[in-house]
Amino acid sequence: MARNQYQTLTEPMFFILLSLDEVRNGAEITSWVNQITKGRIKLAPGTLYALLGQFLEDDLIIRVDVNKKGKHYTITEEGKDLLDNEVQRLRLLVDNYDKFFNQ
């Protein structure tokens with residue numbers, strides 16, 4: 001996997017991976033992200049499917065089913081590790097902010 005490409009995740013990347021804690025298809029991912037972000041992030045189909053393709057190629061997700069409701073995906077252990085690293089990075093940023101402004 002091209003690690004440098006994932007040193008920081010964009011919000012669409014983060015929420016797509018987060019949504020795949022359950023098996024979902026593209027429409028379900030889009031709906032979940034819209035719901036969890038209260039409409040702040042609206043995934044365009046081009047963005048969604050480009051990122052899904054990239055994540056598949058880099059083994060962050062796997063396709064688990066194809067049926068009449070579409071292709072279904074779930075996150076891999078490597079994808080979970082990437083999310084964990086991103087959360088740790090963000091917490092460090094917030095901790096640094098708190099230390100600086102809450103002295």
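This is a short walk through the predicted model shown above, from the overall layout down to single residues.

Let us begin with the whole chain. The protein chain has 103 residues, and buried residues make up 34% of them. Its C-alpha trace spans about 55 × 30 × 20 Å along the principal axes. The accessible surface comes to about 6800 Å², and carbon and sulfur atoms account for 52% of that surface. Looking for secondary structure, you will find 4 helices and 3 strands. If you read along the sequence, they follow the pattern α-β-α-α-β-β-α. The contacts also tell us something about how the chain folds back on itself: among contacts between residues at least 6 apart in sequence, 54% join residues at least 24 apart.

Now find the strands. In which order do the 3 strands lie in the sheet? The order is β1-β3-β2, in an open sheet with antiparallel pairing. The edge strands are β1 and β2, since each of them pairs on one side only. Strand β1 covers residues 24–25 and is joined to β3, residues 70–75, by 2 bridges. You can trace both of these partnerships: R24 has Y73 as its bridge partner in β3, and N25 has H72. On the other side, 6 bridges join β3 to strand β2, residues 61–67. One of the pairs to look for here is I61 with I75.

Strands β2 and β3 are also linked directly along the chain, by a hairpin that uses 2 residues. K68 sits in this loop between β2 and β3. Is K68 buried or exposed? It counts as exposed, because its relative accessibility is 90%, and the cut-off for exposed is over 50%. To get a feeling for distances, compare the positions of K68 and E11: they are 57 residues apart along the chain, and their C-alpha atoms are separated by 29 Å.

Next, turn to helix α2, which runs over residues 26–36 and has G26, I29, W32 and V33 among its residues, all four of them buried. Why do these residues line one face of the helix? Seen down the axis of α2, the buried residues fall within an arc of 130°, so they share one face. A general rule helps here: an α-helix has 3.6 residues a turn, so residues three or four places apart point the same way. The other side of α2 looks outward, with A27 and Q35 exposed. What do the buried residues of α2 pack against? Their neighbours are α1, β1, α3 (45–57) and β3.

A residue of helix α1 gives a close-up of this region. S19 is found in helix α1, and it counts as buried because its relative accessibility is 0%. Leaving aside residues up to four places away in sequence, S19 touches R24, I29 and W32. Two of these names should be familiar, as I29 and W32 are among the buried residues of α2.

Just after α1 comes the loop that leads to β1, and V23 is found there. With a relative accessible area of 44%, V23 is partly exposed. Together with I62 and V64, V23 makes a nonpolar surface patch of about 230 Å².

Finally, let us look at charged side chains. How many salt bridges does the model have? The count comes to 5. Helix α4, residues 77–101, holds E77 and K80, which are 3 residues apart, or about one turn of the helix. Their side chains meet in a salt bridge of 3.4 Å, N to O. E77 is exposed, with a relative accessible area of 55%, while K80 is partly exposed at 37%. Helix α4 also contains R89 and E86, again 3 residues apart. The side chains of R89 and E86 meet in a salt bridge of 2.8 Å, N to O. Here R89 is partly exposed at 28%, whereas E86 is buried, with a relative accessible area of 4%.

Elsewhere, salt bridges that share partners join D21, E22 and R24 into one network. Within it, the side chains of E22 and R24 meet at 3.5 Å, N to O. E22 is partly exposed, with a relative accessible area of 44%, but R24 counts as buried at 10%. R24 therefore ties several parts of our walk together: R24 is buried at 10% relative accessibility, has Y73 as its bridge partner in β3, and is touched by S19.

Note on methods
Residues are numbered from 1 along each chain as its sequence is written. This is a predicted model: local features need pLDDT of at least 70, side-chain atom pairs count only at pLDDT 80 or more; totals for chains, interfaces and linings use all residues. Side-chain values use heavy atoms; hydrogens and water are left out. Two strands pair if DSSP finds at least two bridges between them. Patches are made of residues with over 30% relative accessible area and no salt bridge: like charges are joined within 9 Å, nonpolar side chains (Val, Leu, Ile, Met, Phe, Trp, Tyr) within 5 Å. Accessible areas come from the Shrake-Rupley method with a 1.4 Å probe; for residues, only the protein chains shown count as cover. A salt bridge is a side-chain nitrogen of Lys or Arg within 4 Å of a carboxyl oxygen of Asp or Glu. Buried means under 20% relative accessible area, exposed over 50%, partly exposed in between (1.4 Å probe, protein chains only). Contact means heavy atoms within 4.5 Å. The arc is that of the directions from the helix axis to the C-beta atoms.
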